Protein chains: 2
Amino acid sequence: MTATLRDLGEFELIRAITARFARGRDVLVGPGDDAAVLAAPDARVVVTTDLLLEGRHFRRDWSSGEDVGHKAAAQNLADVAAMGARPTGLFVGFAAPGDLTVDWALALADGLAAECARAGATVAGGDISSADSIMLGVTALGDLEGRAPVLRSGARPDDVVVLAGSVGRAEAGLALLTAGVDHDANAGWAGLVTAHRRPRPPYPLGPTLAAVGAHAMCDVSDGLVQDLGHIATASGVRIDLDPAALAADAPLRSAAAELGADPLDWVLTGGEDHALVACLPPSAGVPAGCERIGQVLPGTGVTLAGRPTVGRGGWNHFG
Amino acid sequence: MTATLRDLGEFELIRAITARFARGRDVLVGPGDDAAVLAAPDARVVVTTDLLLEGRHFRRDWSSGEDVGHKAAAQNLADVAAMGARPTGLFVGFAAPGDLTVDWALALADGLAAECARAGATVAGGDISSADSIMLGVTALGDLEGRAPVLRSGARPDDVVVLAGSVGRAEAGLALLTAGVDHDANAGWAGLVTAHRRPRPPYPLGPTLAAVGAHAMCDVSDGLVQDLGHIATASGVRIDLDPAALAADAPLRSAAAELGADPLDWVLTGGEDHALVACLPPSAGVPAGCERIGQVLPGTGVTLAGRPTVGRGGWNHFG
């Protein structure tokens with residue numbers, strides 16, 4: 001019989017989970033006390049928090065525990081990188097039914113630990129509770145290393161818009177899963193499903209883009225048009241995207257053909273790849289690993305080769 | 001008709017909620033970007049996180065939105081104080097059904113803001129999602145102001161055990177609610193129910209106890225015996241409690257008589273008042289607002305006037 005959380009009990013579960021986490025160089029007091037203590041060498045700390053709920057943000061039949069751990073960590077660590085900060089620590093509240101297998105919970109811990117390792121951070125604390133379905137409350141912290149945080153409000157006309165990481169792939173992968181397509185039959189499609197299950201934000205490029213003088217930056221979590229729309233609004237500018245730079249690649253095109261979808265819709269509105277998008281002064285050049293996808297102009301809103309993107313919105317909870 | 005979250009939509013809801021939050025002196029970048037930036041003047045930051053789930057940690061028919069806000073903030077801010085730190089910022093992930101009233105969500109925000117104000121902190125960021133029931137993922141941060149964090153592992157024989165705040169009252173209030181007793185008919189009972197709904201941790205005494213040299217400290221969230229048991233285990237000592245110092249007051253005694261309960265059980269095992277308990281060197285004296293409730297001895301475990309407290313356990317999720 002496979003052991004469940006109820007078999008193991010809260011305190012043994014905590015022990016088993018925390019044993020999976022390396023002690024990071026920024027962790028001064030780790031799990032096991034009332035609170036953790038993290039180094040904040042910059043005397044400022046970047047903080048972001050997110051909820052992930054089973055059935056809304058992931059499905060256990062579509063994602064393994066390890067997948068969910070990667071995704072939960074990635075979406076928060078990407079927010080830290082999008083401020084131009086180096087991720088330092090992750091804190092995870094985990095609620096689950098008593099009949100969940102211990103194996104699933106440990107796989108989740110492994111996924112969290114592995115994604116933190118990609119970003120140079122570690123899991124430094126958390127909380128465990130029982131619940132009817134799985135719920136994660138994840139908080140990530142980061143260090144600015146002496147740089148100013150890169151906000152959404154600093155874009156200026158003439159800035160170059162650059163993208164680090166992919167967009168649309170996670171959304172296409174989700175569409176393949178939703179449609180029940182046999183995605184394993186096609187390596188390109190399997191890659192899209194993996195992008196949904198385990199987004200791979202380009203963490204080091206957050207500090208890199210800050211260091212070259214990015215005026216504005218965010219991670220693409222709600223879709224390129226919607227997230228750039230937040231920058232455009234906060235900065236009082238228009239952002240014009242270059243369709244040629246956003247052309248869908250072969251897997252996106254073939255998945256779209258299979259599903260009767262428009263691959264550009266995925267590219268423009270798909271969230272959850274957690275790419276970084278930044279507005280750079282022209283003098284900064286385009287750092288390695290980034291590509292130019294548009295430019296900042298006077299005006300308002302987000303346009304595509306000068307045409308409106310109305311209707312290319314993104315996700316709205318309760319909407 | 002009363003407006004619901006679905007009527008308002010995610011972005012308007014975020015706007016309405018964040019408008020309730022004062023911008024604290026430690027908040028360098030507040031809500032609205034990918035992440036917040038908080039001052040960490042000590043170059044270390046204390047961090048703790050908790051989940052609160054409707055039906056497990058609170059019931060909407062027993063607690064108002066404002067009550068839940070107070071409680072959610074209090075249980076995290078108390079953990080920060082229990083490290084000897086000054087609370088600085090709170091981050092709140094909030095998931096709720098689309099048919100929840102906007103009024104309830106705003107009352108929650110008011111309760112969070114008010115409890116943060118009690119502790120000298122502010123709400124500095126968060127996340128909103130839809131869900132079938134209300135869930136909160138709360139993270140609190142604090143500043144050590146140059147002091148060493150007070151851990152559970154530092155208690156030494158001859159230390160004096162002191163309590164700041166009340167114990168057992170929240171548990172008694174919950175017992176009254178569970179039994180359906182008309183608690184409003186009795187001012188003492190009403191006070192116990194309030195203690196359950198809005199615990200009042202003595203935040204400033206955390207830094208005070210650290211400053212006078214506390215060797216160990218924690219907040220009482222799982223019950224005095226269980227939480228002191230963690231200190232005893234981590235420190236390799238025995239903690240002996242003085243029953244005279246833990247005598248139940250009149251409201252606890254009368255509520256226990258009404259329910260056929262033992263008031264000492266509530267005092268020894270009731271969590272969620274979020275009192276602070278600390279082990280001090282005898283030379284430190286007993287700071288104002290604290291009372292002596294026992295002493296640290298060589299040995300193991302927690303005893304009551306030398307007798308075992310076996311069976312006086314506390315809460316175990318999945319147990």
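## A buried helix and two positive phi angles

In chain B of this predicted model, helix 6 (residues 187-197) has W189(B), L192(B), V193(B), A195(B), H196(B) and R197(B) buried. A residue counts as buried if 20 or more other C-beta atoms lie within 10 Å of its own, as exposed if 12 or fewer do, and as partly exposed in between, with C-beta atoms placed from the backbone. Helices (H or I, at least four residues) and strands (E, at least two) are DSSP runs, numbered from the N terminus. The buried residues of helix 6 pack against helix 3 (65-82), helix 5 (169-179) and helix 9 (250-259), which also belong to chain B.

Residues are numbered from 1 along each chain as its sequence is written, and chains are lettered from A in the order in which they are written. Because the model is predicted, local features need pLDDT of at least 70, side-chain atom pairs count only at pLDDT 80 or more, and totals for chains, interfaces and linings use all residues.

Most residues other than glycine have a negative phi. The table lists two residues of chain A with a positive value.

| Residue | Phi | Loop between | Other C-beta atoms within 10 Å |
|---|---|---|---|
| A43(A) | about 65° | strand 2 (36-39) and strand 3 (44-53) | 15 |
| A305(A) | near 50° | strand 12 (301-304) and strand 13 (307-308) | 10 |

A43(A) is partly exposed, whereas A305(A) is exposed.

For chain A, pLDDT (the predictor's confidence in each residue, from 0 to 100) averages 95, and 97% of the residues score at least 70. The model has an ipTM of 0.94 and a pTM of 0.95.

Conventions
Two residues are in contact if their C-beta atoms, placed from the backbone, lie within 7 Å.
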